[in-house]
Amino acid sequence: MSSLRAALAENGFVIQRQVLSASDLEALREAATRTTERARSGNWPDVRTVGKQFPPWPKPTPGEPPQDGIWGVQGLLNPALGCDADVFARSYFNDKVLDVAKALMSCEEDGGQECTDEDLVLELYNMLVRPESDFELEWHRDDVPRTATPEEEAAKLGIRLAAKEGEREGKRVKKRYWNTQWNLPLYPDDSLIVVPGSHVRVRTPAEREAAAKEPNMPGQLVVHLEPGDVVFYDNNILHRGVYKADKERMSLHGSVGHAGGGCFRATNVLQHGIGKWIDQCDFSSLASGPGGGEKARQRAEDMRARLVKLGRESGDVGYSLTG
Ligand SMILES: O=C(O)CCC(=O)C(=O)O
């Protein structure tokens with residue numbers, strides 16, 4: 001498991017192949033298809049609308065398809081999705097996903113501690129879907145605005161700028177991960193593009209000067225995933241999404257936190273409006289069925305309780321980025 005951490009530290013992402021069984025995948029595709037249709041037709045309030053990259057996204061008028069279509073569905077654990085929320089919950093709390101997340105948030109070196117179930121905080125579970133017209137995101141880091149100076153960027157990334165005049169390369173002060181984020185596609189997926197290693201350095205002059213949607217960023221890598229693969233990534237890696245209207249996409253987009261991070265993640269998580277319904281979640285379906293049991297249900301409840309506590313302690317969190 002420390003090899004996962006080493007790969008994340010080096011590249012800013014790590015891929016695990018085939019974490020879902022064929023029957024999990026089948027059930028998820030059915031739930032995801034129903035949920036996407038509901039959202040496309042204007043019958044789900046929390047969507048990512050085409051043309052807008054960051055929250056808050058406008059709410060559709062109930063029953064009317066959002067004008068320019070959608071590229072994401074928010075709130076897969078929201079109980080208003082009925083039994084589809086149970087299917088999504090089973091995948092969010094899947095041991096194969098959470099075991100990797102725990103490994104990535106552990107810090108066994110330098111007297112640090114292993115991350116256990118008791119540290120986990122429920123965060124986001126959304127789905128990124130095929131838009132009905134081609135759409136691209138700008139290059140970004142989730143928590144650092146484009147306008148950040150190299151000094152501000154270095155501070156956000158937890159790196160030190162080299163002291164020598166003219167040298168911009170940052171050297172990371174050992175980073176402790178207080179959250180991890182993943183994409184788990186249900187169809188072959190190559191929408192996510194990253195610049196490997198960019199999570200531990202400030203942008204180069206070429207990256208700063210590049211067009212917001214530069215199609216050929218130096219060193220960029222298209223992340224190719226098969227259904228049931230999962231990529232975990234540092235959400236401050238330089239990345240973007242490119243979406244084609246004629247290519248099916250349903251990618252489960254999750255994140256989980258470590259309670260030790262305190263309010264550090266509050267804005268990133270709560271800006272998505274999850275606080276409005278998280279109290280109403282019911283994870284009792286996890287007490288039975290494949291991979292389930294009382295322990296799984298209790299872990300989910302405890303993760304939810306840690307998020308509710310975070311929300312209570314954080315107050316008004318605002319938004320990470322605009323646009
Ligand atoms: O579509 C993707 O995989 C990337 C999405 C993304 O960059 C974001 O949500 O900030």
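## Ligand site

In this predicted model, a polar side-chain atom of Arg48 is found 3.0 Å from an oxygen atom of the ligand. Two further contacts of this kind involve Arg249, with a polar side-chain atom 2.9 Å from an oxygen atom of the ligand, and Asp142, where the corresponding separation from a ligand oxygen atom is 3.3 Å. On its own the ligand has 300 Å² of accessible area, and the protein covers 95% of this area.

The residues that surround the ligand include the three already named, Arg48, Asp142 and Arg249, together with the histidines His140, His239 and His253. Leu128, Leu137 and Leu192 also belong to this surrounding set, as do Asn183 and Tyr243.

## Arg249 and its salt bridge

Besides its contact with an oxygen atom of the ligand, Arg249 meets the side chain of Asp189 in a salt bridge, with an N to O distance of 2.8 Å. This pair links distant parts of the chain, 60 residues apart: Asp189 belongs to the loop between strand S8 (179–185) and strand S9 (192–194), while Arg249 belongs to the loop between strand S12 (239–243) and strand S13 (250–258). Asp189 and Arg249 are both buried.

## Other salt bridges

The count of salt bridges in the structure comes to 20. One of them joins the side chains of Lys59 and Asp46, at 2.5 Å from N to O. Lys59 is located in the loop between strand S2 (47–49) and strand S3 (70–73), and Asp46 in the loop between helix H2 (22–40) and S2, so this salt bridge ties together parts that are 13 residues apart in sequence. With a relative accessible area of 55%, Lys59 is exposed, whereas Asp46 counts as buried at 15% relative accessibility.

A salt bridge within a helix is formed by Lys102 and Asp99, whose closest N and O atoms are 3.5 Å apart; these residues are three positions apart in helix H4, which means that about one helical turn separates them. Lys102 has a relative accessible area of 13% and is therefore buried, while Asp99, at 32%, is partly exposed. Lys102 and Asp99 also take part in a network of salt bridges that links them with Asp95, Asp117 and Arg299.

## Aromatic pairs and cluster

The structure holds 10 aromatic pairs, among them the edge-to-face pair of Phe93 and Phe283, with 5.1 Å from centre to centre and 75° between the planes. Because Phe93 lies in the loop between helix H3 (83–92) and helix H4 (95–105), and Phe283 in the loop between helix H7 (266–270) and helix H8 (294–314), the pair ties together parts of the chain that are 190 residues apart in sequence.

Phe93 counts as buried, at 5% relative accessibility, and Phe283 is likewise buried, with a relative accessible area of 2%. Phe93 and Phe283 are members of one aromatic cluster, which they form with Tyr92, Tyr125, Trp182 and Phe232.

## Charges over rings

In two places the charged end of an arginine sits over an aromatic ring. The charged end of Arg29 has this position over the ring of Tyr187, at 4.5 Å from the ring centre, and that of Arg176 over the ring of Trp178, at 4.3 Å from the ring centre.

Terms used: Residues numbered from 1 in each chain as written. Predicted model: local features only at pLDDT ≥ 70, side-chain atom pairs only at ≥ 80, totals over all residues. Heavy atoms only, no water. Phe/Tyr/Trp six-rings, centres within 6.5 Å; stacked < 30°, edge-to-face > 60°. Helix = DSSP H or I, 4+ residues; strand = E, 2+ residues; numbered from the N terminus. Buried < 20%, exposed > 50% of the residue type's maximum accessible area, 1.4 Å probe, protein only. Lys NZ or Arg CZ within 6 Å of the ring centre and 35° of its normal. Near = heavy atom within 4 Å. Polar contact = N/O pair within 3.5 Å; in protein donor to acceptor, adjacent residues only side chain to side chain. Areas by Shrake-Rupley, 256 points an atom, 1.4 Å probe, with all protein chains shown as cover. Salt bridge = Lys/Arg side-chain N within 4 Å of Asp/Glu carboxyl O.
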